Amino acid sequence: MRKLKVGIIGCGGIAQKVHIPNYMKHNELVEILAVCDASDGRAQTVAEQWGIPHAYSDFREMLQHHQLDAVSVCTPNKFHAEMAIAALQAGCHVLCEKPPAVTVAEAEAMAAAAKAVNKFLTFGFHYRHAPEVDLLKRYIDSGEFGHIYAAKSQAVRRRGIPGWGVFTNKELQGGGALIDIGVHMLDTTLYLMGYPQPELVLGATYQKLGNREGVGLMGKWDWENFSVEDMARGMIVFKDGSSVTLDAAFAANVEKDEVMQVSLMGEQGGADVFPVKIYQEKHEALLDTTPAYLPQNNYYEVQFKRFIDCCLQNKPPIGTAEEAVILQKIITALYESAASGEAVRIQ
C-alpha cells in the first residue's frame, strides 16, 4: 500500500506533542514529508528533531513543492481558514485543529472549498473519539434514550489559563475559554445529539481573573496583555425544541481543578459522559448504570488512526465541515449575544 504523504503547517506545541508523534505511530502507513512554520528556524529545528526531510517558512511553497495527500493545520485560529483552503485546493485532505475558524464566513468558505475539490475536511475534536462517546453514541443510535431534548456542557478549570502560546490573544485566537476548551464539550454534546440546527442563542462572557496576577496551574500567563474572556456561559435552543447550556472557563472559583463533562437528558434515559453513568426508569425503578468494563484508549491515537484510514480508504470522517459551520455559528452567536446583551437568532 502506498504511504499517505503528510505535511504539517504550524510547528508549535500541538504539532510537536500530538500531530507528529501520532502520525509517526503509523509509519507503515504515513510519511511526514514536510513541516512549515512562519517563525524563524522553528520548522527546521522540528524537522531535524523528528527526521522529517523538508522544512519551510511559507506554507504555499511547501504545497507547491510536494504532492501531499493530507495536511494538518496547527496554527493560531486566525490562520485556519486561509491555510486549510490552500491545502484543500492543492488536493489534500485536511485535519485542522479546533476551532474551525474565527468567523462564520471563514467556516463556510472552508466547507465550500472541501466540497468543491471532493476532499475531507475534519477538525481536532479528539473527545469525539473517546470510548465513552462511542458507547453512548451506540445507545443513542439504537433509540435507548429516545429524543435527547436537553444537555449540559462543561469545560471549566479552577486556574487553568495557558501560560504558553497565544491562547490569551484575542486578535490571533478570536476569543478565550469558549473558543478554546468550551468548543470541545460543545462539539461532543452536539455530536451525541445528532448536530441539531440552532435557532436561538443567549451568551455572557466575563474577564474577572485573567487580567490580574494569580496562581497558575498551567504556568504563569501574561495577565497584563490578557485580551480574551476567562469565562463564558450560554444557552442554545434548537429548531427541534432541544436545548443545551454551556459553561466554559479558564479560571473560576470552583472546587475542582478541571471539569470536562457532557450531561444528556432524553425521554427514555440520560447519561453523564466522563465517566459514563446512565440514568433510566425501568420496571418501576430508577436505575443508575455504569460499565463494568470499557476499553480505554488515547483519544488522540484513535483520532489520527481514523483520519489516516479515511484518507487511505476514502471513507468519510465522523466530523464534517458542515457540522463545523453549525458549531461556528453557535460560537459566533454566543460572543455576539454577550456583547449586545440580547439573544441572537440564527438563520
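In the predicted model, residues 24 or more positions apart in sequence supply 73% of the contacts in the protein chain that have a separation of 6 or more. The chain has 347 residues, for which a compact globule would have a radius of gyration near 20 Å; the value computed for the protein chain is 20 Å, in agreement with that expectation. The C-alpha trace spans about 65 × 50 × 40 Å along its principal axes. Of the 347 residues, 54% are buried. The accessible surface of the protein chain amounts to about 15,900 Å², and carbon and sulfur atoms contribute 49% of this area.

The secondary structure of the protein chain consists of ten helices and 15 strands. Six of the strands form an open sheet with parallel pairing, in the order β3-β2-β1-β4-β5-β6. The edges of this sheet are occupied by β3 (54-56) and β6 (121-123); each has a single partner strand, so one side of each is left without a neighbour in the sheet. On average, neighbouring strands of the sheet are turned by 25° against each other when direction is ignored. At the β3 edge, the pairing with strand β2 (residues 30-36) is parallel and comprises three bridges. Within this part of the sheet, Val35 stands opposite Ala55 of β3.

Helix α9, which covers residues 299-313, lies across five strands: β1 (4-9), β2, β4 (70-73), β5 (93-96) and β6. The helix runs at about 165° to β5.

Strand β5 contains His93. The relative accessible area of His93 is 7%, and because the limit for a buried residue is under 20%, His93 is classed as buried. With residues up to four places away in sequence left out, His93 touches Asp69, Ala70, Val71, Lys119, Phe120, Phe307 and Cys311. Among these, Ala70 and Val71 fall within the range of β4 (70-73), while Phe307 and Cys311 fall within that of helix α9 (residues 299-313). The contact with Phe120 includes a polar one, in which the side chain of His93 reaches the backbone nitrogen of Phe120 at 2.9 Å. His93 thus has contacts with residues of β4 and of helix α9, in addition to the polar contact with the Phe120 backbone.

Technical notes:
Residues numbered from 1 in each chain as written. Predicted model: local features only at pLDDT ≥ 70, side-chain atom pairs only at ≥ 80, totals over all residues. Heavy atoms only, no water. Pairing = 2+ DSSP bridges. Helix = DSSP H or I, 4+ residues; strand = E, 2+ residues; numbered from the N terminus. Axes fitted to C-alpha atoms, helices over the stretch in contact; angles between N-to-C directions. Contact = heavy atoms within 4.5 Å. Buried < 20%, exposed > 50% of the residue type's maximum accessible area, 1.4 Å probe, protein only. Polar contact = N/O pair within 3.5 Å; in protein donor to acceptor, adjacent residues only side chain to side chain. Rg over C-alpha atoms; globule rule 2.2 N^0.38 Å. Areas by Shrake-Rupley, 256 points an atom, 1.4 Å probe, with all protein chains shown as cover.
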